Amino acid sequence: MAPALTDAAEYPAPSAKASSNLVAPEPEHCPGPESEQAGQGDACEGCPNQSICASAPKGPDPDIPLITARLSQIKHKILVLSGKGGVGKSTFSTLLAHAFASNPESTVFVCDTDICGPSIPKMMGVEEESIHVSNAGWSPVWVTDNLGAMSIQFMLPNRDDAIIWRGPKKNGLIKQFLKDVEWGEADYLIVDTPPGTSDEHLSVNSLLQEAKVDGAVLVTTPQEMSLLDVRKEIDFCRKAGIRILGLVENMSGFVCNSCKTTSYIFRPTTGGGQRLAKKMNIPFLGAVPLDPRVGMACDFGESFVDSYPDSPASTAIRAVVRAVSEQVGEDPEKVLPESLFA
């Protein structure tokens, strides 16, 4: 039976039952479309894509050197991942980008690879913009003087149009975002990905394998249903060779503006993100509390960290930015000086 929903001053202690580990055998893995055994191995028997993989060209993608050259002037590339939808991953990507860009000395880009659910343009207030094409390639849409974005939303004739594409077509567009966009010189490229561990994630990882990706920031919410899928994302990163920069717990409690009491809307029944990070031996980057004004800022395409710099959520986001910058080898005080918010 679920516990009563009563406010607590701190996280509840996880129960022994919730802490138990069930060990299952590893499944037989797909050899991958680039393998010489693609479509021919024992694991391929019965797969609906067997004939496609068997006939596909083998070896590395010939466009990878072009992508590497395009991204060579971007100092840091950061993936934002989550195992499931609804944890505020795209919202967090927007907050992260705005926070990095609050330093006028930094240039930041966001690449929206959520092809079927592009929300970055709306959250950044540039939903009605379109892509400019020149001889040098596609140009990112500029949100501010030092913050730009790229998304399929800029290519749709109607913002309510559905993208009904299979995997290969989505992967092809992601490749175009990385290969054909004139990114230029920048400090950070934040890649917002869809939920899960499937086509888009494999494409981004394989296409960026020579571009020196710094790693991934994983986003979760406190409840066990979210942590369950984040464990799969951690396993994906380790198997795919993606460095995990750390875990962020989003929607981590609600701080009342009047009495300053913290209420846990999503109760961390098994210890939340911090305990998971410790158990999985990955950095815990911080916890960002709920704030209704975050949703309002995204609806109106405004920067929450600039509009409400003194809110607990903004303070937490800046702490996460400093933790991420430290993980990628930068001085947190230079990336986000306290003087900017004094």
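Which residues of strand β6 (residues 147-150) are buried on one side, and which on the other? I opened the notebook with this point, working from a predicted model.

**Entry 1: strand β6**

I found both faces of β6 covered. Leu-147 and Ala-149 are buried on one side, and Gly-148 and Met-150 are buried on the other.

I then looked up the pairing of β6. Strand β2 (residues 108-112) runs parallel to β6 and is joined to it by four bridges. Within that pairing, Val-108 has Leu-147 as its bridge partner. Strand β5 (residues 141-144) pairs with β6 in the antiparallel sense, over three bridges. Here I noted Thr-144, whose bridge partner in β6 is Leu-147. Two residues lie between β5 and β6, and the two strands form a hairpin.

**Entry 2: His-98**

I next turned to a residue that touches Leu-147, namely His-98. I located His-98 in helix α3 (residues 89-101). I recorded a relative accessible area of 8% for His-98, and since buried means under 20%, His-98 is buried. Not counting residues up to four places away in sequence, His-98 touches Met-124, Val-143, Leu-147, Glu-302, Ser-303 and Val-305.

**Entry 3: the nonpolar core**

I asked which residues have the most contacts inside the largest nonpolar core. They are Leu-71, Phe-92, Phe-100 and Trp-183, in a core of 81 residues. I followed one of these, Phe-100. With residues up to four places away in sequence set aside, Phe-100 touches Ser-106, Val-108, Tyr-188, Ile-190, Val-321, Val-324 and Val-335. Val-108 thus appears again in my notes: Phe-100 touches it, and it is the bridge partner of Leu-147. As general background, nonpolar side chains in soluble globular proteins tend to be buried together.

**Entry 4: helix α8**

In helix α8 (residues 272-280), I listed Gly-272, Gly-273, Leu-276 and Ala-277 as buried. Viewed down the axis of α8, these buried residues fall within an arc of 155°, so they line one face of the helix. I then checked what they pack against: β8 (215-220), α7 (224-240), β9 (244-255) and β11 (284-290). After α8 comes Asn-281, and I noted that its phi is positive, near 60°.

**Entry 5: the annotated cysteines**

I consulted the UniProt record, an unreviewed entry, which places the feature "binding site" at Cys-30, Cys-44, Cys-47 and Cys-53. These positions span 24 residues in sequence, yet no two of their C-alpha atoms are more than 10.7 Å apart, so they gather at one spot.

Are Cys-30 and Cys-44 buried or exposed? Cys-30 is exposed, at a relative accessible area of 59%, whereas Cys-44 counts as buried at 8% relative accessibility. I placed Cys-30 in the segment before α1 (50-55), and Cys-44 is likewise found in the segment before α1. Leaving aside neighbours within four places in sequence, Cys-44 is in contact with Pro-31, Gln-37, Ala-38, Gly-39 and Gln-50.

**Entry 6: the whole protein**

I closed with the totals. The secondary structure comes to 12 helices and 11 strands. Of the 342 residues in the protein, 49% are buried. I asked how contacts between residues at least 6 apart in sequence are distributed, and what share join residues at least 24 apart; the share is 76%. The protein exposes about 17000 Å², and carbon and sulfur atoms supply 53% of that area.

Notes: Residues are numbered from 1 along each chain as its sequence is written. This is a predicted model: local features need pLDDT of at least 70, side-chain atom pairs count only at pLDDT 80 or more; totals for chains, interfaces and linings use all residues. Side-chain values use heavy atoms; hydrogens and water are left out. Buried means under 20% relative accessible area, exposed over 50%, partly exposed in between (1.4 Å probe, protein chains only). The arc is that of the directions from the helix axis to the C-beta atoms. Contact means heavy atoms within 4.5 Å. A nonpolar core is a set of buried Ala, Val, Leu, Ile, Met, Phe, Trp, Tyr and Cys residues joined through side-chain atoms within 4.5 Å. Accessible areas come from the Shrake-Rupley method with a 1.4 Å probe; for residues, only the protein chains shown count as cover. Two strands pair if DSSP finds at least two bridges between them. UniProt positions are given in the numbering used here, feature names are shortened, and annotations may be inferred rather than shown by experiment.
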